[in-house]
Amino acid sequence: MRLTIIVAALLVAGVAQAQQVEKRDVHIAVGGKSALYYLPLVITERLGYFKDEGLNVRVSDFPGGTRSLEAVVGGSADVVSGAYEHTINMQSRKQDFQAFVLMGAAPQISVGISTKLAANYRSPKDLKGMKVGVSAPGSSTNMVINYVLAQGGLKPTDVAIIGVGQGATVISAVDQGKVDVVSQTDPAMTMLERDGKIKIIAETRTPEGTQKLFGGPMPAASLYAPIEFVKKNPGVAQALTNATVRALVWMQNASPQQILETVPEEYLLGNKAMYLFAYNNVKSAYSKDGYFSDAGAKTTLKALASFNPNIKPEAINLSQTYTNEFVKKAHAKFDKKH
């Protein structure tokens, strides 16, 4: 009897939630869904948390973050699952986007040089003239290599940027000699490193590594959308945030086996043990609560401005690029339940 009452209450709550959203069908664009960078999105989707919030979410995968952003700009998708920094880039182009829940507290992006060239590498200035593989030009992986180049006094144009996608295609690009350097996410980078094919020269897999490279916290994967979409669809933004925060909390307590059971088989790249090793490498990079920090936003702006002359820090309104309003409400909801 008690179980029946609980189930009935949950069903009523689900209907009530569904009635609060402005639209039930939501299209999320993501660039490289199989990467560990986007694990919170995969977990949220696979565990049915979006459905529990009254949403029918469709996720479309693109070769990189810029491609997923283009889908939203073009109107074929509603929300981007991607790097927070794009909200700053877009504002500099007079297009206002806002991130409303943080999934990654660190970028999880590493830069590795082919072991064939590693012996002659001393500092970022030695990368001049090399072919660099990123997920897609203009993506977060591109941003990180641009920042590394700037540390060596180089400009983005001092290297050849090549889009190689994510996952297995990254490994193929290295194996075939198409690139000399890769700026990429895990598990591909861990696999290349463990196989002795690359030497890591910079990493943001952990908050500590991120602090060392950027000099402060660097927010990464998030859900963001045109600010007008967020204003017109606060119920949708809240439902998406509720589901994501729930997944982040689940991840804090999940065992490695639970992670493996939730992730699609093809994301493991044929090596479960290596995937888990890579996951353990980046585990601390996931946001524990979904909140953005002022310090993280400032670090991002400083990093972007260091190599992009079109970004004028004084002209950027950082407070518009993110909001913690929906995350705060999500925690209020879950705190009551627990």
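Modeller: Let's start with a definition: two strands count as paired when DSSP finds at least two bridges between them. Keep in mind that we're looking at a predicted model.

Colleague: Okay! Which strand order does the open sheet with β10 in it have?

Modeller: Read across it, strand by strand: β2-β1-β3-β10-β4, five strands with mixed pairing. The edge strands are β2 (56–62) and β4, and each of them pairs on one side only. From one strand to the next, the twist averages 30 degrees.

Colleague: How many bridges join β3 to β10, and how many join β4 to β10?

Modeller: β3 (residues 79–83) is joined to β10 by four bridges, and the two run antiparallel. β4 (residues 97–102) has five bridges to β10, again antiparallel. You can find the partners yourself: Ser81 stands opposite Leu223, and Gly82 stands opposite Ser222. On the β4 side, Leu102 has Ser222 as its bridge partner in β10.

Colleague: And is β10 mostly buried or exposed?

Modeller: Buried means under 20% relative accessible area. By that cut-off, five of the six residues of β10 (residues 221–226) are buried, so the strand is largely enclosed by the rest of the structure.

Colleague: Which helix packs on this sheet?

Modeller: That's α4 (residues 65–73), which touches β1 (25–31), β2, β3, β4 and β10. The direction of α4 makes about 150 degrees with that of β1.

Colleague: What order do the strands have in the open sheet with β7 and β9?

Modeller: This one goes β7-β6-β8-β5-β9, five strands with mixed pairing. β7 (160–163) and β9 (198–203) have a single partner strand each, so one side of each has no neighbour in the sheet. Neighbouring strands here are turned by 25 degrees against each other on average, ignoring direction. Inside the sheet, β5 (residues 109–114) and β8 (residues 181–185) pair antiparallel over five bridges; Gly112, for instance, has Val182 of β8 as its bridge partner. Helix α7 (residues 140–151) packs on this sheet and touches β5, β6 (131–134), β7, β8 and β9.

Colleague: How should I read a nonpolar core?

Modeller: In soluble globular proteins, nonpolar side chains tend to be buried together. Here the largest nonpolar core has 52 residues, and the ones touching the most other members are Ile28, Leu39, Val79, Phe100 and Leu240. Helix α12 (residues 234–253) gives the most to this core, eight residues. There's also a second, separate core of 45 residues, including Leu69 and Ile316.

Colleague: Which residues does Ile28 contact, leaving aside its neighbours within four places in sequence?

Modeller: Among them are Leu41, Phe50, Val57, Val79 and Leu240. Arg58 and Ser81 are on the list too.

Colleague: Now zoom out. How many helices and strands does the chain have?

Modeller: It comes to 16 helices and 10 strands. The radius of gyration is 20 Å, close to the 20 Å from the globule rule for 338 residues, so the chain is as compact as a globular protein of that length. Its C-alpha trace spans about 70 × 45 × 35 Å along the principal axes.

Colleague: What share of the residues is buried?

Modeller: 56% of the 338 residues. As for the outside, the chain exposes about 14700 Å², with carbon and sulfur atoms supplying 52% of it. And of the contacts with a separation of 6 or more, 81% join residues 24 or more positions apart.

Conventions: Residues are numbered from 1 along each chain as its sequence is written. This is a predicted model: local features need pLDDT of at least 70, side-chain atom pairs count only at pLDDT 80 or more; totals for chains, interfaces and linings use all residues. Side-chain values use heavy atoms; hydrogens and water are left out. A nonpolar core is a set of buried Ala, Val, Leu, Ile, Met, Phe, Trp, Tyr and Cys residues joined through side-chain atoms within 4.5 Å. Buried means under 20% relative accessible area, exposed over 50%, partly exposed in between (1.4 Å probe, protein chains only). Contact means heavy atoms within 4.5 Å. Axes are lines fitted to C-alpha atoms, for helices over the stretch in contact, and angles run from 0 to 180 degrees between N-to-C directions. The radius of gyration is taken over C-alpha atoms; the globule rule is 2.2 Å times the number of residues to the power 0.38. Accessible areas come from the Shrake-Rupley method with a 1.4 Å probe; for residues, only the protein chains shown count as cover.
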